[in-house]
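Please work through the exercises below with the sequence and the structure open beside you. Try each task on your own before you read its solution.

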Amino acid sequence: MADSNETVTIATGEGAPGSTLLGIGAYRPERVVSNEEICETIDSTSEWIYERSGILNRRFASGDESIVMMSTEAARKAVASAGIDPELVDAVILCTSTNWTQVPHAAPQVATNLGRNGIAAFDLTAGCAGFGYGLAVATNMIRGGASRYVVVIGVEKMSDGIDFTDRNTSFIFGDGAGAVVVGPAETNDISPVVWGSDGEQGSAISQTKDFKAYVDEVDSGAEDVRQPFLTMNGSKVFRWAAVQVSKVCAETLETAGVTAEQIQAFVPHQANGRINSAMAKHLGLPDTVAIANDIEQTGNTSAASIPLAMETMLREGQSKQGDVALCIGFGAGLSYAGQVVRLPAAPPVD
């Protein structure tokens with residue numbers, strides 16, 4: 001037995017001095033759902049929806065387009081975009097709130113699909129801020145020496161949990177997956193994260209019931225049992241985002257040591273076009289800054305929205321590799337996460 005007074009030194013991990021975004025990929029479901037189709041089940045018009053949210057279309061996944069399938073496709077494209085040997089990937093972080101099974105969780109299945117069975121792989125749930133949380137964890141893993149190349153995926157199948165007769169939520173959400181490869185760098189291209197939460201206002205975005213209550217209703221033989229649906233107090237979330245998230249954006253710039261004048265792209269969570277415009281104005285971003293507007297054709301895809309919006313900007317030439325971008329995720333929880341990053345190369349052409 002060792003002497004109880006003996007000093008035991010526990011080693012620390014030694015990682016890279018910095019981290020960078022090496023590649024990006026996306027998967028968008030085949031089915032395009034217009035505002036006109038949404039209005040078949042609610043009393044509204046396409047014009048009202050667009051004015052209120054900035055959305056014209058969104059994508060809905062089919063039964064075959066699962067969380068694992070969409071994540072795998074986005075991750076494969078991200079690895080190809082990064083130009084690295086897939087064997088170098090040593091961790092997968094899958095950010096989602098809509099995977100139907102908690103056991104098994106999705107990330108190990110995605111890792112196996114990538115040919116990397118056995119590596120570290122885990123799911124992370126932080127609502128619409130999920131991708132920012134995942135990116136922060138990945139960068140700290142790399143800087144701490146736990147991993148070198150991490151695939152971070154934001155993926156949602158929001159259509160599974162929406163009540164399409166609810167005029168407050170039916171038109172907002174869509175499905176899809178976006179992924180990035182985070183790797184080591186001699187200089188740093190991903191800032192420290194500014195993140196937090198406001199549990200006092202968490203009920204602003206919630207479920208109509210928990211799944212235990214749903215099962216109990218089914219078991220009791222109750223009539224007209226409905227599954228849990230997402231519910232949202234839109235005006236409350238809008239007020240919180242317009243005030244709190246703008247402050248977080250300013251703090252993120254300060255933490256990164258970057259000024260608004262040095263930003264070349266703004267990639268906010270695609271929650272609402274009006275919110276994003278208000279934040280850009282509040283920050284005083286120059287007119288030359290490219291502002292993501294993926295919400296118009298993709299809707300709000302929660303944890304997937306930032307990587308999907310980033311992929312669109314790069315693919316369509318609105319931004320280019322090396323541009324300095326401000327990213328901010330915010331939503332359910334209520335949670336938020338902000339980072340300044342240098343954008344990766346444009347995704348490969350299918």
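The exercises that follow go from domains to a core, then to open and closed spaces, and end with a single residue.

The model is predicted, so local features need pLDDT of at least 70 and side-chain atom pairs count only at pLDDT 80 or more, while totals for chains, interfaces and linings use all residues. Residues are numbered from 1 along each chain as its sequence is written, and side-chain values use heavy atoms, with hydrogens and water left out.

**Exercise 1. Domains**

Find the domains of the protein and describe how they meet.

Solution. Begin with the domain assignment, which gives domain 1 (18-185) and domain 2 (194-201 + 229-343); such bounds come from an automatic or database domain assignment. Next, take the centres of domain 1 and domain 2 over C-alpha atoms, and you find them 16 Å apart. Then turn to contacts, meaning heavy atoms within 4.5 Å: 45 residues of domain 1 are in contact with 40 residues of domain 2.

Finally, look at the record: an unreviewed UniProt entry annotates residues 253-342 as "domain: Beta-ketoacyl-[acyl-carrier-protein] synthase III C-terminal". UniProt positions are given in the numbering used here, feature names are shortened, and annotations may be inferred rather than shown by experiment. Over residues 253-342 the chain is 33% helix and 24% strand, where helices (H or I, at least four residues) and strands (E, at least two) are DSSP runs numbered from the N terminus.

**Exercise 2. The largest nonpolar core**

Determine which elements and domains supply the largest nonpolar core.

Solution. A nonpolar core is a set of buried Ala, Val, Leu, Ile, Met, Phe, Trp, Tyr and Cys residues joined through side-chain atoms within 4.5 Å; buried means under 20% relative accessible area, exposed over 50%, and partly exposed in between (1.4 Å probe, protein chains only). The largest such core has 41 residues, and Phe266 and Phe330 have the most contacts inside it. Among the elements that give two or more residues to this core are strand E10 (230-232), helix H7 (234-256) and strand E13 (324-331), and H7 supplies the largest share, with 7 residues. The core also draws at least three residues from each of domain 1 and domain 2.

**Exercise 3. A pocket and a cavity**

Describe the lining of the largest pocket and of the largest cavity.

Solution. On a 1 Å grid over the protein atoms alone, a cavity is a set of points where a 1.4 Å probe fits but cannot get out, and a pocket is an open set with protein on both sides within 12 Å along at least five of seven lines; lining residues have an atom within 4 Å of a point. Grid points are joined across faces, edges and corners, and a volume is the space filled by probe spheres set on the points.

The largest pocket has a volume of about 1,200 Å³, and of its 49 lining residues, Ser97, Met158, Ile205, Leu230 and Ala332 are the closest to its centre. The largest share of this lining, 4 residues, comes from H7. The largest cavity has a volume of about 30 Å³, and its lining includes Phe131, Leu135 and Met310. Helix H5 (130-144) gives the largest share of the cavity lining, 3 residues.

**Exercise 4. One residue**

Is Val32 buried, partly exposed or exposed?

Solution. First locate Val32, which is in strand E2 (residues 31-34). Its relative accessibility is 45%, so Val32 counts as partly exposed. Not counting residues up to four places away in sequence, Val32 touches Glu37, Asn57, Arg58 and Arg59. Val32 and Arg58 are 26 residues apart in sequence, yet 5.8 Å apart in space, C-alpha to C-alpha.
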